[in-house]
Amino acid sequence: MITITDKYNCCGCSACSSICPKHCITMQADNEGFLYPKVNEADCIDCGLCEKVCHELHPFGERKPLKVYAAINKDEEVRLKSSSGGIFYLLAEKTITEGGVVFGARFDEQWQVVIDYAETMEGVKAFMGSKYVQARMATAYADAKRFLNEGRKVLFSGTPCQIAGLHHFLRKPYDNLLSVDIICHGTPSPKVWGRYLDEVVTAGRKAINDVQFRNKRNGWKAFNFTMEYNKDEQSVSLCSHHQQNHFMRAFLRDMILRPSCYQCQAKSGRSHSDITIADFWGINTEMPEMDDDKGTGLVLVNTDKGQTALDWSKTNHKETTADIAVVHNPAYFRSVDAHPKRAEFFARLDETESVNDLIVDCLRPTFKQRLRMSISLFKQLIKRMLRFAIGGVKQR
């Protein structure tokens with residue numbers, strides 16, 4: 001029987017609830033909004049399957065990629081709508097063309113995130129773009145297994161812990177499965193996301209038409225958070241730089257992530273995915289010829305199956321090394337540290353009226369932090385003045 005004694009040891013992948021033959025394990029939200037397994041002990045038959053498929057109890061070993069590429073989808077329209085280089089779209093396109101099924105993360109009717117499947121490219125469009133909220137697995141693992149057993153090709157995409165959970169759930173390899181994960185910073189709380197939406201969109205979530213965490217209208221690196229919704233029979237558009245949007249700031253400062261994200265068991269290739277895709281941060285210094293600020297993808301090919309999964313003729317690509325790629329993407333191998341005020345934030349969440357005000361308050365630098373920043377700025381100013389003075393003397 002699966003028992004959670006430390007929330008740092010549960011990533012919420014749902015493999016345990018998906019495998020249960022008696023359907024006596026449900027995923028229930030805690031006070032922070034993250035899902036954890038709850039066992040109906042009266043119906044449990046102690047078969048032990050839930051423990052056998054738990055990645056936290058039985059983590060895979062580390063694995064190095066076979067090949068590493070910087071890659072760009074040649075279709076500019078697709079790349080513009082993608083978070084980085086538009087590589088996921090190409091993988092999905094090949095799978096759909098071959099009669100397969102694609103699994104990915106989409107928004108539901110309440111603008112929360114769920115893992116679902118699509119059998120057309122029109123359906124795949126809902127999976128495009130980053131979604132910085134932990135997704136519900138729902139019936140995705142069971143659906144994938146059904147399609148695989150029918151002999152159909154399946155592309156299953158998700159976070160590393162979700163892909164690790166998939167492989168544990170399946171319990172055997174499938175030649176017709178292509179597993180694709182991302183380099184994951186961490187998964188924010190659905191509860192915080194819901195509170196943010198309810199505060200910003202006073203007309204209600206049904207009024208929302210679109211949400212983009214990574215809009216590129218000002219470029220790939222300086223991406224914006226955008227939202228469109230209806231209010232009083234008018235269309236309203238919100239747009240803010242990712243460093244100015246309250247929800248994005250809380251996410252990027254590691255204050256609203258799932259506890260397990262701070263000691264992730266699926267990094268460094270331990271998801272055992274066929275392909276890992278991400279933004280190729282640092283491309284402007286490593287391969288400037290591959291950077292036009294419209295998005296460049298990082299592709300880590302982890303298996304022979306992964307190498308043949310992409311139609312490389314539809315990309316501009318250049319091979320590189322894992323050492324060069326991951327130095328700018330430390331989330332590949334290293335978990336982030338929790339923000340010092342994470343516990344305070346969630347302790348106050350249910351009592352506060354404004355989640356935005358709470359985020360601002362908890363992210364406000366302490367006196368010691370402000371003092372250190374002032375000292376650092378003062379030292380930088382002194383150095384610039386000395387360089388200027390020395391330069392001035394030499395010129396005379």
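The legends below describe close-up views of a predicted model.

**View 1. Lys67 and Glu319 form a salt bridge.** The side chains of these two residues meet at 3.5 Å, N to O. Lys67 belongs to strand 3 (residues 67–73) and Glu319 to strand 13 (residues 315–320), so the pair links distant parts of the chain, 252 residues apart. Lys67 is partly exposed, because its relative accessibility is 33%. Glu319 is also partly exposed, with a relative accessible area of 45%. The structure has a count of 24 salt bridges.

**View 2. Lys318 pairs with Glu289.** The closest N and O atoms of this salt bridge are 2.5 Å apart. Lys318 lies in strand 13, whereas Glu289 lies in the loop between helix 10 (283–286) and strand 12 (297–301), so the salt bridge ties together parts that are 29 residues apart in sequence. With 36% relative accessibility, Lys318 counts as partly exposed. Elsewhere, salt bridges that share partners join Glu76, Arg79, Asp292 and Lys294 into one network.

**View 3. Arg146 and Asp143 meet within helix 6.** Their side chains form a salt bridge of 3.4 Å, N to O. The two residues are separated by about one helical turn, because they are three residues apart in the helix. Arg146 is partly exposed, with a relative accessible area of 36%, whereas Asp143 is buried at 14% relative accessibility.

**View 4. Phe103 and Phe147 form an edge-to-face aromatic pair.** The ring centres are 6.3 Å apart, and the angle between the planes is 65°. Phe103 is in strand 4 (residues 101–107) and Phe147 is in helix 6 (residues 140–149), 44 residues apart. Phe103 is buried, at 0% relative accessibility, and Phe147 is buried, with a relative accessible area of 3%. The structure holds 22 aromatic pairs.

**View 5. Ring pairs build an aromatic cluster.** Its members are Phe107, Trp111, Tyr132, Trp193, Tyr196, Phe213, Phe225, Phe247 and Phe251.

**View 6. A positive patch lies on the surface.** Lys379, Lys383, Arg384 and Arg387 form this patch. Lys379 is found in helix 15 (residues 367–395). Lys379 counts as exposed because its relative accessibility is 52%, and the cut-off for exposed is over 50%.

**View 7. A nonpolar patch also lies on the surface.** Leu381, Ile382, Met385, Leu386 and Ile390 form this patch, with about 450 Å² of accessible area together. Leu381 is found in helix 15 and is partly exposed, at 38% relative accessibility.

Note on methods. Residues numbered from 1 in each chain as written. Predicted model: local features only at pLDDT ≥ 70, side-chain atom pairs only at ≥ 80, totals over all residues. Heavy atoms only, no water. Patch = residues over 30% accessible without salt bridge, like charges linked within 9 Å, V, L, I, M, F, W, Y side chains within 5 Å. Areas by Shrake-Rupley, 256 points an atom, 1.4 Å probe, with all protein chains shown as cover. Salt bridge = Lys/Arg side-chain N within 4 Å of Asp/Glu carboxyl O. Lys, Arg positive; Asp, Glu negative; His and termini not counted. Charge placed at Lys NZ, Arg CZ, Asp CG, Glu CD. Helix = DSSP H or I, 4+ residues; strand = E, 2+ residues; numbered from the N terminus. Buried < 20%, exposed > 50% of the residue type's maximum accessible area, 1.4 Å probe, protein only. Phe/Tyr/Trp six-rings, centres within 6.5 Å; stacked < 30°, edge-to-face > 60°.
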